Amino acid sequence: MPDVFADLVGQDEAVVELRRAAAAAAAVLRAGAAALVTAGPNGGDGSAGDDAVTGVDPSAGMTHAWIFTGPPGSGRSVAARAFAAALQCVHGTGCGECPGCHTTMGATNADVRMVVPEGLSIGVGEMRALVLRAASTPSGGRWQVVVIEDADRLTEAAGNALLKAIEEPPPRTVFLLCAPSTHPDDISVTIRSRCRVVPLRQPPAAAVAEVLVRRDGIAPDVAQWAASAAQGHVGRARRLARDPEARKRREAVLAVPRRLTGVGAAFDAASALIEAAEAEAEASVTEADTTERAALETALGAGGTGRGAAGALRGAAGQLKELEKRQKSRATRAQRDALDRALVDLAGFYRDALTMALRAPVAPVHTDTAALAGAGAQKWDADGALRRLEAVLACRAAIEANVKPRIAVEAMMLALWKG
Ligand SMILES: [Zn+2]
């Protein structure tokens, strides 16, 4: 197994910073261990330990709270997990070989918690429970690490609960947050002020293609195409390279521009796009929903015949309702994510038309529809291509701002047709 940072594509600067911090964290632990040894039964005032710990320069070394920022697919959670592994690594380097690295990368380390929100937001109850558990002593003797993916989806109350923990962190607890940016919409100013920020950039297509070939064994020409079509999103590139269904969905989206021949066609295209997103989302959540419900019903004693079982089931109605609520919110999120991927593909097409109209010396995003984008560039000119690109981006922004997706997509399709 290679070094834990190996899959962090095109993020050399961030990797240097994280390696340095992991080394500093290991030094803190070593100093702490030495202090415990020297503080014998006669001289245990703890001063040696204090000196050793405060002797580490916090600005160059380790800190309790971090935010990983970057565009979707840049590897925020990959970076957070790799850093967590480096913190648990017995060598303090993220060697990729030791039990600390292995268990963290395999998601079985008892001192590393990954919080992956499934609904549209992370609630206060979930956060309080997490903060409480994070305060316990690390069982492996190193650090308690809490990774919060999509920290931008924290509710305000959950953010406050987290802030309290970050303001007075337990000595061995580290919080790693992932968010698109440090904009106040994504992360509160007060949380931001307590964290060190690690900015990740959109990895270049060549770096994405390289990792697909090396790690996933994908043929170089396919990897190149997928990396370009995915616009720097590593996970999406891998799916496009491997999953024929994902390729089919992308082709359907990229067929939209040539199908917009009139008002009726524009509404049809809107329906098709919405329904495709719904179908994709359903496929992704149905299995998890069924498994969860079955597990909960078993835990609650469904199928039992005694009087006790019936009573327990009545009392359990509330828990089932709670589960249904969570599943509904997860389905909504999956739909939005699917629709957003489609819009990003579509934006790539009009961006290609725009760069061709401007004769800009840049490679197209979608090599397979480059000819179509070229024809669009001729017909619309740069202004028309830019207006269409803006219509797609406005649709994304509207959905982000909670406009009903169907209405936003219909408005976009009409704008794309009219130009
Ligand atoms: Zn290791």
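**Exercise 1. Aromatic pairs**

Both phenylalanine 349 and tyrosine 350 are buried in this structure, which is a predicted model. Determine how many aromatic pairs the structure holds, and classify the geometry of the pair formed by phenylalanine 349 and tyrosine 350.

*Solution.*
- Step 1. The count of aromatic pairs is four.
- Step 2. For phenylalanine 349 and tyrosine 350, the ring centres lie 5.1 Å apart and the planes meet at 90°.
- Step 3. Ring centres must lie within 6.5 Å to pair, and planes over 60 degrees apart count as edge-to-face. The pair of phenylalanine 349 and tyrosine 350 is therefore edge-to-face.
- Step 4. Ring pairs also connect residues into a cluster, whose members are Trp66, Phe68 and Phe83.

**Exercise 2. The zinc site**

Identify the donors of the zinc ion and establish the arrangement of the four donor atoms.

*Solution.*
- Step 1. Coordination is provided by the SG atoms of Cys89, Cys95, Cys98 and Cys101, at 2.3 to 2.4 Å from the zinc ion.
- Step 2. Along the chain, these donors follow the spacing C-x5-C-x2-C-x2-C.
- Step 3. The angles subtended by the four donor atoms run from 104 to 115°. Four donors count as tetrahedral if all angles lie between 85 and 135 degrees, so the arrangement around the zinc ion is tetrahedral.
- Step 4. For reference, the ideal angle for four tetrahedral donors at a metal is 109.5 degrees.
- Step 5. Among the ligands, cysteine 89 and cysteine 98 are both buried.

**Exercise 3. Salt bridges across the sequence**

State how many salt bridges the whole structure contains. Then locate the partners of the bridge between arginine 19 and aspartate 3, and those of the bridge between glutamate 167 and arginine 194.

*Solution.*
- Step 1. A search of the whole structure yields 16 salt bridges.
- Step 2. In the bridge between arginine 19 and aspartate 3, the closest N and O atoms are 3.0 Å apart. Since arginine 19 belongs to helix α1 (residues 12-38) and aspartate 3 to the segment before α1, this pair ties together parts 16 residues apart in sequence.
- Step 3. Arginine 19 is partly exposed, at 35% relative accessibility, and aspartate 3 is partly exposed at 26%.
- Step 4. The side chains of glutamate 167 and arginine 194 meet at 3.7 Å, N to O. Glutamate 167 lies in helix α6 (residues 156-167) and arginine 194 in the loop between α7 (189-193) and β5 (196-199), so the pair ties together parts 27 residues apart in sequence.
- Step 5. Glutamate 167 has 36% relative accessibility and counts as partly exposed; arginine 194, at 41%, also counts as partly exposed.

**Exercise 4. A salt-bridge network**

Describe the salt bridge between arginine 238 and aspartate 216, and name the residues of the network that shared partners create.

*Solution.*
- Step 1. The closest N and O atoms of arginine 238 and aspartate 216 are 3.0 Å apart. The pair links distant parts of the chain, with arginine 238 in helix α10 (residues 234-242) and aspartate 216 in helix α8 (residues 205-216), 22 residues apart.
- Step 2. Buried means under 20% relative accessible area. Aspartate 216, at 17%, is therefore buried, whereas arginine 238, at 24%, counts as partly exposed.
- Step 3. Salt bridges with shared partners join Asp7, Arg215, Asp216 and Arg238 into one network.

**Exercise 5. A nonpolar surface patch**

Name the residues of the nonpolar patch on the surface and place phenylalanine 267 within the secondary structure.

*Solution.*
- Step 1. The patch is formed by Val263, Phe267 and Trp417, which together have about 240 Å² of accessible area.
- Step 2. Phenylalanine 267 sits in helix α13 (residues 263-299) and counts as partly exposed, at 34% relative accessibility.

Conventions
Residues numbered from 1 in each chain as written. Predicted model: local features only at pLDDT ≥ 70, side-chain atom pairs only at ≥ 80, totals over all residues. Heavy atoms only, no water. Patch = residues over 30% accessible without salt bridge, like charges linked within 9 Å, V, L, I, M, F, W, Y side chains within 5 Å. Areas by Shrake-Rupley, 256 points an atom, 1.4 Å probe, with all protein chains shown as cover. Salt bridge = Lys/Arg side-chain N within 4 Å of Asp/Glu carboxyl O. Helix = DSSP H or I, 4+ residues; strand = E, 2+ residues; numbered from the N terminus. Buried < 20%, exposed > 50% of the residue type's maximum accessible area, 1.4 Å probe, protein only. Donors = N, O, S within 2.8 Å, 3.2 Å for Na, K, Ca; no water. Tetrahedral: all angles 85-135°; square planar, octahedral: opposite > 155°, others 65-115°. Phe/Tyr/Trp six-rings, centres within 6.5 Å; stacked < 30°, edge-to-face > 60°.
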